[in-house]
Amino acid sequence: MSLLVVLAVAFIVFLYVRMTRKARREWLQKLDLPGRWLADSGNENTDSITELMLTGQLDGGEYVLQQGGAVQRGQWRLAGHTLTMSGDGSSQSFDLHLFKAGNIGLEDASGARHVLLKAADNVVALRDRSRST
């Protein structure tokens, strides 16, 4: 009887771990963080993030950050809802919020918020927009 209870508990734990991993994978695919992120045009703060380029996997890799006229490079990693960027001898963490696909918010430790939109660099214009129609 005790062997049956142990097997049932092991099976429940296995299902829980499997569902948790699947939910995390779906969350990362929905975020789609690797790519070029640009500041929302409504953000006028000079110390805000103007551009963030993330490369690598869905949950980590390399980054290039343009903020307040300075450029930082290093490694990034996503753990839960915390985006950590380490490089140039410093590390900063942001609380990540997904508003909708291609629209995220980053909040730093001081409470400053940055809204970023994913750049659609692979879009090809079908018409020449410089000419009037």
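Which residue in β3 is the bridge partner of Thr-55? Keep that in mind as you go through these close-ups of a predicted model.

**View 1. The whole protein, from helix to strands.** Let's start with the overall plan: the protein has 1 helix and 8 strands. Going along the sequence, you meet them in the pattern α-β-β-β-β-β-β-β-β. Of the 133 residues in the protein, 24% are buried. The protein exposes about 9500 Å², and carbon and sulfur atoms supply 55% of that.

**View 2. Helix α1, end to end.** Here you're looking at residues 2–31, a run of 30 residues. From its first C-alpha to its last, α1 reaches 44 Å, close to the 44 Å expected at 1.5 Å a residue. Right after α1 comes Asp-32, and its phi is positive, near 50 degrees.

**View 3. Strands β2 and β3, side by side.** Now for the opening puzzle: Thr-55 has Glu-62 in β3 as its bridge partner. The two strands, β2 (residues 49–56) and β3 (residues 60–67), pair in the antiparallel sense over 7 bridges. Getting from β2 to β3 takes a hairpin with 3 residues. As you follow a strand, remember that in a regular one the side chains alternate between the two faces of the sheet.

**View 4. On to strand β4.** β3 also pairs with β4 (residues 70–79), again in the antiparallel sense, over 8 bridges. One pair to look for is Leu-65 with its bridge partner in β4, Gln-72. This hairpin has 2 residues between β3 and β4. Check out Gly-68 in the turn, which has a positive phi of about 60 degrees.

Terms used
Residues are numbered from 1 along each chain as its sequence is written. This is a predicted model: local features need pLDDT of at least 70, side-chain atom pairs count only at pLDDT 80 or more; totals for chains, interfaces and linings use all residues. Side-chain values use heavy atoms; hydrogens and water are left out. Helices (H or I, at least four residues) and strands (E, at least two) are DSSP runs, numbered from the N terminus. The expected span of a helix is 1.5 Å times one less than its number of residues. Two strands pair if DSSP finds at least two bridges between them. Buried means under 20% relative accessible area, exposed over 50%, partly exposed in between (1.4 Å probe, protein chains only). Accessible areas come from the Shrake-Rupley method with a 1.4 Å probe; for residues, only the protein chains shown count as cover.
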